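Welcome! Open your viewer, get ready to select a few residues, and follow along one stop at a time.

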Amino acid sequence: MIVSLMVNENPVSVEVESNTTLLQVLREQLGLTGSKFGCGTNDCGACKVLVNEDAKNSCVLLAKNMVGKPIYTIEFFLVGIRYTLYKKAFLEAGAIQCGYCTPGMVITTIAIIK
């Protein structure tokens with residue numbers, strides 16, 4: 001089936017199966033690799049994105065259910081002053097670690113302070 005999504009303020013149409021996750025669409029079809037696959041069970045947050053301004057784990061969201069909902073990935077926030085401020089705060093707090101889940105932590109921070 002073809003679904004139309006709004007990702008990072010850009011309309012996209014993608015072909016999906018009924019069980020295709022939003023994370024699969026973002027990474028495999030749209031090349032947005034900032035969201036990472038971690039657990040696949042809604043636990044770790046490495047795949048976090050904003051949906052309707054709420055932080056959600058994209059590994060458990062079906063792409064077909066995202067029609068009409070604005071979706072924002074970390075790539076959207078990698079420009080401008082907001083990212084500079086988040087990056088500085090995370091660096092100063094030592095919250096970087098290996099970096100694999102950092103995009104998910106930044107997305108969660110954005111959702112909290114919106």
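Let's begin with C98. Is C98 buried or exposed? C98 counts as exposed, because its relative accessibility is 69%. Keep in mind that you are looking at a predicted model.

Now add C101 to your selection. The cysteine sulfur nearest to C98 is the one in C101, at 6.1 Å, and C98 is in no disulfide. A disulfide is a covalent bond between the sulfur atoms of two cysteines. To count here, two cysteine sulfur atoms must lie within 2.5 Å.

Next, select C44 together with C39. How far from C44 is the nearest cysteine sulfur? It belongs to C39 and sits 3.9 Å away, and C44 is in no disulfide. With a relative accessibility of 45%, C44 counts as partly exposed. How many disulfides does the count give? The total is zero.

Time to leave the cysteines and visit some rings. Select Y72, F76 and F77: ring pairs join these three residues into a cluster. In the structure there are three aromatic pairs.

Zoom in on F76 and F77. A pair of aromatic rings is described by the distance of the centres and the angle of the planes. For F76 and F77, the ring centres are 5.2 Å apart and the planes meet at 85°, so this pair is edge-to-face. Planes over 60 degrees apart earn that label.

Finally, switch on the surface and look at these two residues again. F77 is buried, at 7% relative accessible area, while F76 is partly exposed, at 29%.

How values were computed. Residues numbered from 1 in each chain as written. Predicted model: local features only at pLDDT ≥ 70, side-chain atom pairs only at ≥ 80, totals over all residues. Heavy atoms only, no water. Buried < 20%, exposed > 50% of the residue type's maximum accessible area, 1.4 Å probe, protein only. Phe/Tyr/Trp six-rings, centres within 6.5 Å; stacked < 30°, edge-to-face > 60°.
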